[in-house]
Amino acid sequence: MSTEHADLACETCGRTTDHEVRYAGRLLEWTRCTVCGTHVEVTPRAMLPAYARDLEQRLASKPGRMWRRWRRDPLGYTRSLPAAIARQPVKLAREVWGLVRR
Ligand SMILES: [Zn+2]
């Protein structure tokens with residue numbers, strides 16, 4: 001989960017205000033207006049199909065990304081690979097858990 005800030009239109013305030021924006025992976029999870037506190041949640045049921053597609057896309061694009069990183073720093077990348085692979089399932093499980101537990 002990551003939280004960022006963005007200027008979004010708030011229906012309650014009737015203008016563009018600063019919003020807290022939370023993501024699960026790369027997908028929007030919820031937004032909260034920092035002026036009036038109105039929050040809009042994207043329901044897990046609505047999120048899961050989009051999340052599954054996003055995940056599929058990320059996994060499919062992985063060989064290309066790995067190759068680019070390896071070209072930049074072959075030795076460092078090779079050394080970091082086992083740990084990076086070992087972390088993946090935990091990272092994915094955490095993202096999915098973040099969506100489902102609510
Ligand atoms: Zn507002």
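**Exercise 1. Burial and contacts**

What share of the 102 residues in the protein chain is buried? Work it out for this predicted model, then look at how the contacts are spread along the chain.

*Solution.* Start with the cut-off: a residue is buried if 20 or more other C-beta atoms lie within 10 Å of its own. With that count, buried residues make up 6% of the protein chain. Next, take the contacts with a separation of 6 or more; 29% of these join residues 24 or more positions apart.

**Exercise 2. Elements in order**

List the helices and strands of the protein chain from the N terminus on.

*Solution.* Begin by counting: the protein chain has three helices and four strands. Then read along the chain, and the order comes out as β-β-β-β-α-α-α.

**Exercise 3. Building the sheet**

Find the order of the four strands in the open sheet, and say which strands lie at its edges.

*Solution.* Step one is the order, which is S1-S2-S3-S4, with antiparallel pairing. Step two is the edges: strand S1 (2-10) and strand S4 (39-41) each pair on one side only. Step three is the twist, which averages 30° from one strand to the next.

**Exercise 4. Following S3 to its partners**

How many bridges join strand S2 to strand S3, and how many link S3 and S4? Identify residues that face each other, too.

*Solution.* Take S2 (residues 15-24) and S3 (residues 27-33) to begin with: they run antiparallel and are joined by six bridges. On this side, Tyr23 stands opposite Leu28 in S3, and Val21 stands opposite Thr31 in S3. Now turn to S4, which pairs with S3 in the antiparallel sense over three bridges. Here Thr31 appears again, opposite Val40 in S4. Thr31 thus has Val21 and Val40 as opposite residues.

**Exercise 5. Glycines in the hairpins**

Which residue takes a positive phi in the hairpin of S2 and S3, and which one in the hairpin of S3 and S4?

*Solution.* The hairpin of S2 and S3 has two residues between the strands, and Gly25 takes a positive phi near 65° there. Move on to the hairpin of S3 and S4, with five residues between the strands; in this hairpin Gly37 has a positive phi near 85°.

**Exercise 6. Where to trust the model**

Where in the protein chain is confidence lowest, and where is it highest?

*Solution.* For the overall picture, the protein chain averages a pLDDT of 80, and 83% of the residues score at least 70. Going element by element, the highest mean belongs to S2, at 91, and the lowest to helix H3 (residues 74-100), at 72. A friendly caution to finish: where pLDDT is low, predicted coordinates should not be read in detail.

Key
Residues are numbered from 1 along each chain as its sequence is written. This is a predicted model: local features need pLDDT of at least 70, side-chain atom pairs count only at pLDDT 80 or more; totals for chains, interfaces and linings use all residues. Two strands pair if DSSP finds at least two bridges between them. Axes are lines fitted to C-alpha atoms, for helices over the stretch in contact, and angles run from 0 to 180 degrees between N-to-C directions. pLDDT is the predictor's confidence in each residue, from 0 to 100. A residue is buried if 20 or more other C-beta atoms lie within 10 Å of its own, exposed if 12 or fewer, and partly exposed in between; C-beta atoms are placed from the backbone. Two residues are in contact if their C-beta atoms, placed from the backbone, lie within 7 Å.
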